[in-house]
Amino acid sequence: MNMSRRFGQAFLLLMVFMVLFPLLWTLLNAFKQNVDILTRAPKFIFTPVLDNMIFVLSRQSVLQALVNSLIICLVSVVVGVVLGLPAAYAIARYPNRITDELQFFVLSLRFLPPVAVAIPLMVIWLNLGLYDTRLAMIVTYSLLTISITIWLSVPGFQQVPKEIEEAARVDGCGVYAVFFRIALPVAARTLLGAVAFSFVLIWNEFLIALMLTTSDARTLPIVASEMSQLGMDVPWGILNAAVILLSIPPLLLLGLLSSFMNSVFSRKKK
């Protein structure tokens, strides 16, 4: 028993190391010069520099792309939550042929290659005069967040005991009261996971943003990819600094959601 437990712990530590080491290595390279990065033997001891971070943060295109990404992703996630959660609750609580087909349609959207969605949308936005605008990106990403929210939230609502909702109806709660006061709090963990997953997915989305933007509505992944074209030699330090900047908002969101969930459930236990 002890051997199996030790083996499990060692395997878990190995998985954690495999996940965290690339992130830590990227963080170290963000503070290195190219001379320290392009060495045969990896350098763990070096003189840190801030030139890479300063270069990334001082570029106007990066700041504009950061603002675009925050506005587009946050609004898209809010739209996905507002429209996706009620739809997921209806699918979970009132299953029929229409809801089954709707759930399959939402799931099938995740199997489509991004280019199959981007090309028709590009033609639509060009005809409407909305190409390379935040509004076009928000509408496009909202289609993704709504489908993701429905897809991931249906199992959460299905796990809510029907007896609790029936008891609430006996006490005089209507449909909306049952949804907001009973279903949402009980399924909160799954629902917040869906919100976090949808934000991270569209925050890192590249191909659709590349095809639907040129300058005004470019997101941070697009600008970060363009930094590899700054010269003949690839500026690895600058690229690593851009990756760190790109990773900070999703990590902050996950940290806030985690702390919120811990505080909520600690209060319930008390």
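D132 sits in the loop between α6 and α7. In this predicted model, the phi angle of D132 is near 60°. That is a positive value in a residue other than glycine. D132 counts as buried because its relative accessibility is 7%, and buried means under 20%.

Step back to the whole chain. The protein has 13 helices and zero strands. From the N terminus on, the elements run α-α-α-α-α-α-α-α-α-α-α-α-α. The C-alpha atoms fill a box of roughly 70 × 65 × 30 Å along the principal axes. Of the 270 residues, 37% are buried. Contacts between residues at least 6 apart in sequence can be sorted by separation, and 76% of them join residues at least 24 apart.

Start at the N-terminal end with helix α1, residues 2-29, which holds L13. L13 has a relative accessible area of 62%, so this residue is exposed. From L13 to F180 there are 167 residues in sequence. In space, their C-alpha atoms are 40 Å apart.

Next comes helix α4. This helix covers residues 60-93, 34 residues in total. From first C-alpha to last, α4 reaches 49 Å. The span expected at 1.5 Å a residue is 50 Å, and the model comes close to that value. Still, α4 is bent by about 30° at G84. A proline, P86, follows within four residues of that bend.

R93 also belongs to α4. R93 counts as buried because its relative accessibility is 11%. What does the side chain of R93 meet there? A polar atom of this side chain lies 2.4 Å from the backbone oxygen of V160. The side chain of E165 makes a polar contact of 2.9 Å with that of R93. Leaving out residues up to four places away in sequence, R93 touches F157, Q158, V160, P161, K162 and E165.

Now turn to the nonpolar interior. The largest nonpolar core has 37 residues. Within this core, V56, V62, M137, Y141, L220 and M227 touch the most other members. Many helices feed the core. At least two residues each come from α3 (51-58), α4, α6 (114-128), α7 (134-158), α10 (188-203), α11 (207-212), α12 (220-226) and α13 (236-269). Which helix gives the most to this core? It is α13, with seven residues.

M227 shows the packing in detail. Beyond residues up to four places away in sequence, M227 touches V56, R59, V62, P235, I238, L239 and A242. V56 and V62 are, like M227, among the core members that touch the most others. A second core stands separate from the first. This one has 18 residues, including Y89, I150, A168 and F179.

Finally, set the model against the record. An unreviewed UniProt entry places the feature "transmembrane region" at residues 65-92, 104-128, 134-154, 191-214 and 234-260. How much of residues 65-92 is helix, and how much is strand? The span is 100% helix and 0% strand. Its end C-alpha atoms lie 38 Å apart. Residues 104-128 are 84% helix and 0% strand. Here the end C-alpha atoms are 30 Å apart.

Definitions and conventions
Residues are numbered from 1 along each chain as its sequence is written. This is a predicted model: local features need pLDDT of at least 70, side-chain atom pairs count only at pLDDT 80 or more; totals for chains, interfaces and linings use all residues. Side-chain values use heavy atoms; hydrogens and water are left out. The expected span of a helix is 1.5 Å times one less than its number of residues. The bend at a residue is the angle between axes fitted to the seven residues ending there and the seven starting there. Buried means under 20% relative accessible area, exposed over 50%, partly exposed in between (1.4 Å probe, protein chains only). A polar contact is a pair of N or O atoms within 3.5 Å; within protein, one must be able to donate a hydrogen and the other to accept it, and residues adjacent in sequence count only if both atoms are side-chain atoms. Contact means heavy atoms within 4.5 Å. A nonpolar core is a set of buried Ala, Val, Leu, Ile, Met, Phe, Trp, Tyr and Cys residues joined through side-chain atoms within 4.5 Å. UniProt positions are given in the numbering used here, feature names are shortened, and annotations may be inferred rather than shown by experiment.
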